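Visitor: Please give me a close look at one part of this model. I want to know how its pieces pack together, and which contacts hold my attention at the level of side chains.

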Amino acid sequence: MIPEDAPGLPRRMWHVTLTVAGDPIPDSDIKGGLEQLARERPFLLTGRYAPDRAEVRYWEEASCLEDAAALALRLWGEHRGTAGLPHWEIVGLEVLEREVFHLRAINGEMDVRLARAGAVRPF
(Lines give C-alpha, C1' and ligand atoms only; values in the text may rest on other atoms or scores of the structure.)
Protein backbone atom coordinates (compact mmCIF):
# COMPACT_ATOMS: atom_id res chain seq x y z
CA MET A 1 0.00 0.00 0.00
CA ILE A 2 1.35 3.41 -0.98
CA PRO A 3 1.49 5.82 1.97
CA GLU A 4 -1.21 8.44 1.80
CA ASP A 5 -0.12 12.03 1.58
CA ALA A 6 -0.73 14.06 4.67
CA PRO A 7 -3.72 16.33 4.09
CA GLY A 8 -2.79 19.86 3.17
CA LEU A 9 0.93 19.19 2.68
CA PRO A 10 2.32 20.02 -0.76
CA ARG A 11 4.17 17.27 -2.61
CA ARG A 12 7.93 17.78 -2.72
CA MET A 13 10.87 16.15 -4.42
CA TRP A 14 13.24 13.99 -2.39
CA HIS A 15 16.59 12.57 -3.52
CA VAL A 16 16.83 8.92 -2.48
CA THR A 17 19.91 6.72 -2.25
CA LEU A 18 19.05 3.09 -1.46
CA THR A 19 21.89 0.63 -0.74
CA VAL A 20 21.41 -3.14 -0.60
CA ALA A 21 23.88 -5.94 0.14
CA GLY A 22 24.07 -9.70 0.40
CA ASP A 23 25.79 -12.83 -0.81
CA PRO A 24 27.95 -12.26 -3.89
CA ILE A 25 26.47 -12.95 -7.32
CA PRO A 26 27.97 -12.55 -10.82
CA ASP A 27 28.36 -8.93 -11.95
CA SER A 28 26.29 -9.65 -15.05
CA ASP A 29 23.32 -10.78 -12.93
CA ILE A 30 23.19 -7.67 -10.76
CA LYS A 31 23.87 -5.39 -13.73
CA GLY A 32 21.02 -7.02 -15.65
CA GLY A 33 18.68 -6.67 -12.68
CA LEU A 34 19.47 -2.98 -12.26
CA GLU A 35 19.01 -2.36 -15.99
CA GLN A 36 15.60 -4.07 -15.82
CA LEU A 37 14.70 -1.99 -12.74
CA ALA A 38 15.54 1.14 -14.75
CA ARG A 39 13.16 -0.03 -17.50
CA GLU A 40 10.41 -0.78 -14.99
CA ARG A 41 10.88 2.45 -13.05
CA PRO A 42 12.19 5.11 -15.43
CA PHE A 43 12.72 7.52 -12.53
CA LEU A 44 16.00 5.72 -11.75
CA LEU A 45 18.90 8.15 -12.07
CA THR A 46 21.81 5.78 -11.55
CA GLY A 47 22.56 2.29 -10.40
CA ARG A 48 25.95 1.15 -9.16
CA TYR A 49 26.91 -2.39 -8.32
CA ALA A 50 29.52 -4.83 -7.07
CA PRO A 51 29.16 -8.60 -6.64
CA ASP A 52 27.84 -8.18 -3.08
CA ARG A 53 26.07 -4.80 -3.09
CA ALA A 54 24.18 -2.29 -5.17
CA GLU A 55 23.04 1.30 -4.89
CA VAL A 56 20.24 3.09 -6.70
CA ARG A 57 19.73 6.85 -6.75
CA TYR A 58 16.55 8.56 -7.88
CA TRP A 59 14.04 11.32 -7.18
CA GLU A 60 10.80 10.53 -5.35
CA GLU A 61 7.78 12.79 -5.10
CA ALA A 62 6.02 12.75 -1.74
CA SER A 63 4.53 15.18 0.73
CA CYS A 64 6.92 14.29 3.56
CA LEU A 65 10.14 12.45 4.27
CA GLU A 66 8.30 9.59 5.97
CA ASP A 67 6.30 8.87 2.81
CA ALA A 68 9.37 9.09 0.56
CA ALA A 69 11.30 6.74 2.88
CA ALA A 70 8.43 4.24 3.03
CA LEU A 71 8.29 4.10 -0.77
CA ALA A 72 12.07 3.69 -0.98
CA LEU A 73 12.11 0.87 1.56
CA ARG A 74 9.64 -1.08 -0.57
CA LEU A 75 11.33 -0.50 -3.93
CA TRP A 76 13.80 -3.42 -3.93
CA GLY A 77 11.32 -6.00 -2.67
CA GLU A 78 8.53 -4.94 -5.00
CA HIS A 79 10.77 -5.29 -8.07
CA ARG A 80 12.78 -8.32 -6.93
CA GLY A 81 10.79 -10.81 -9.00
CA THR A 82 10.07 -8.77 -12.11
CA ALA A 83 13.58 -7.27 -12.40
CA GLY A 84 15.46 -10.38 -11.29
CA LEU A 85 17.05 -8.61 -8.32
CA PRO A 86 18.88 -10.70 -5.69
CA HIS A 87 17.42 -11.36 -2.24
CA TRP A 88 19.64 -8.78 -0.59
CA GLU A 89 18.80 -6.72 2.45
CA ILE A 90 18.61 -2.94 2.63
CA VAL A 91 21.72 -1.70 4.44
CA GLY A 92 21.45 2.01 3.77
CA LEU A 93 18.87 4.65 3.01
CA GLU A 94 19.38 8.37 2.57
CA VAL A 95 16.48 10.66 1.77
CA LEU A 96 17.26 14.33 1.20
CA GLU A 97 14.97 17.25 0.53
CA ARG A 98 15.78 18.79 -2.85
CA GLU A 99 17.22 21.96 -1.29
CA VAL A 100 19.53 19.96 1.01
CA PHE A 101 20.71 17.87 -1.95
CA HIS A 102 21.53 21.02 -3.92
CA LEU A 103 23.32 22.64 -0.95
CA ARG A 104 25.50 19.55 -0.57
CA ALA A 105 26.25 19.59 -4.28
CA ILE A 106 27.19 23.28 -4.19
CA ASN A 107 29.49 22.64 -1.21
CA GLY A 108 31.18 19.75 -3.04
CA GLU A 109 29.93 17.17 -0.54
CA MET A 110 28.29 14.97 -3.18
CA ASP A 111 29.21 13.54 -6.55
CA VAL A 112 26.52 15.02 -8.77
CA ARG A 113 28.17 14.54 -12.12
CA LEU A 114 25.51 14.17 -14.73
CA ALA A 115 24.89 10.64 -15.90
CA ARG A 116 22.50 9.33 -18.47
CA ALA A 117 19.18 8.59 -16.73
CA GLY A 118 19.02 4.92 -15.93
CA ALA A 119 22.79 4.49 -16.18
CA VAL A 120 24.11 1.35 -14.50
CA ARG A 121 27.82 1.01 -13.76
CA PRO A 122 30.23 -0.71 -11.36
CA PHE A 123 31.28 1.03 -8.15
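Guide: Start with a helix on a sheet. H1 lies across E2, E3 and E5. The direction of H1 is at about 170 degrees to E2. Angles over 145 degrees count as roughly antiparallel, so H1 and E2 are roughly antiparallel. Keep in mind that this is a predicted model.

Now the sheet under the helix. The sheet is open and has five strands, in the order E4-E1-E3-E2-E5, with mixed pairing. E4 and strand E5 (119-122) are at its edges. Each has a single partner strand, so one side of each lacks a neighbour in the sheet. On average, neighbouring strands are turned by 20 degrees against each other, direction ignored.

What is the sense of each pairing? In general, strands of a sheet pair through backbone hydrogen bonds, either parallel or antiparallel. Strand E2 (residues 44-50) and E5 run in the parallel sense, over four bridges. Within that pair, Thr46 has Ala119 in E5 as its bridge partner. E1 pairs with strand E3 (residues 53-62) in the antiparallel sense, over 10 bridges. Here Thr19 is opposite Glu55 in E3. E1 also pairs with strand E4 (residues 89-97), again in the antiparallel sense, over eight bridges. On that flank His15 is opposite Leu96 in E4.

E1 thus has E3 and E4 as partners. How many of the residues of E1 are buried? Strand E1 (residues 12-21) has 10 residues, and eight of them are buried, so the strand is largely enclosed by the rest of the structure.

Next, E4 at residue level. Ile90 is in this strand. Is Ile90 buried, partly exposed or exposed? Its relative accessible area is 31%, so Ile90 counts as partly exposed. Setting aside neighbours within four places in sequence, Ile90 is in contact with Leu18, Thr19, Val20 and Leu73. The C-alpha atoms of Ile90 and Ala21 are 6.6 Å apart, although 69 residues separate the two along the chain.

A second helix meets this part of the sheet. H3 lies across E1, E3 and E4. Its direction is at about 90 degrees to E4. The range of 65 to 115 degrees counts as roughly perpendicular, so H3 and E4 are roughly perpendicular. A salt bridge also joins H3 to E4. The side chains of Arg104 and Glu94 meet there, at 2.7 Å from N to O. This pair links distant parts of the chain: Arg104 is in helix H3 (residues 98-106), Glu94 is in strand E4, and their positions lie 10 residues apart. Arg104 has a relative accessible area of 27% and is partly exposed. Glu94, at 28%, is partly exposed too.

How many salt bridges are there? The structure holds six. Another of them involves Glu55, the residue that Thr19 stands opposite in E3. Glu55 forms this salt bridge with Arg48, and the closest N and O atoms are 3.1 Å apart. Glu55 has a relative accessibility of 11%, so it counts as buried. Arg48 is partly exposed, at 24%.

Back to H1. This helix has a salt bridge of its own. The side chains of Glu35 and Lys31 meet at 3.4 Å, N to O. Both residues lie in helix H1 (residues 27-40), four residues apart, which is about one turn of the helix. Glu35 is partly exposed, at 28% relative accessibility. Lys31 is partly exposed as well, at 31%.

Last, the helix-helix contact. Two packed helices are described by the angle between their axes and the distance between the axes. H1 and helix H2 (residues 65-83) pack at an angle of about 105 degrees, and their axes are 10 Å apart. H1 and H2 are therefore roughly perpendicular to each other. Which residues meet there? From H1 come Ile30, Gly32, Gly33, Leu34, Gln36, Leu37 and Glu40; from H2 come Leu75, Trp76, His79, Thr82 and Ala83. By class, this contact has six nonpolar, five polar and one charged residues.

Key: Residues numbered from 1 in each chain as written. Predicted model: local features only at pLDDT ≥ 70, side-chain atom pairs only at ≥ 80, totals over all residues. Heavy atoms only, no water. Buried < 20%, exposed > 50% of the residue type's maximum accessible area, 1.4 Å probe, protein only. Helix = DSSP H or I, 4+ residues; strand = E, 2+ residues; numbered from the N terminus. Pairing = 2+ DSSP bridges. Salt bridge = Lys/Arg side-chain N within 4 Å of Asp/Glu carboxyl O. Axes fitted to C-alpha atoms, helices over the stretch in contact; angles between N-to-C directions. Contact = heavy atoms within 4.5 Å. Parallel < 35°, antiparallel > 145°, perpendicular 65-115°, else oblique. Nonpolar A, V, L, I, M, F, W, Y, C, P; charged D, E, K, R; others polar.
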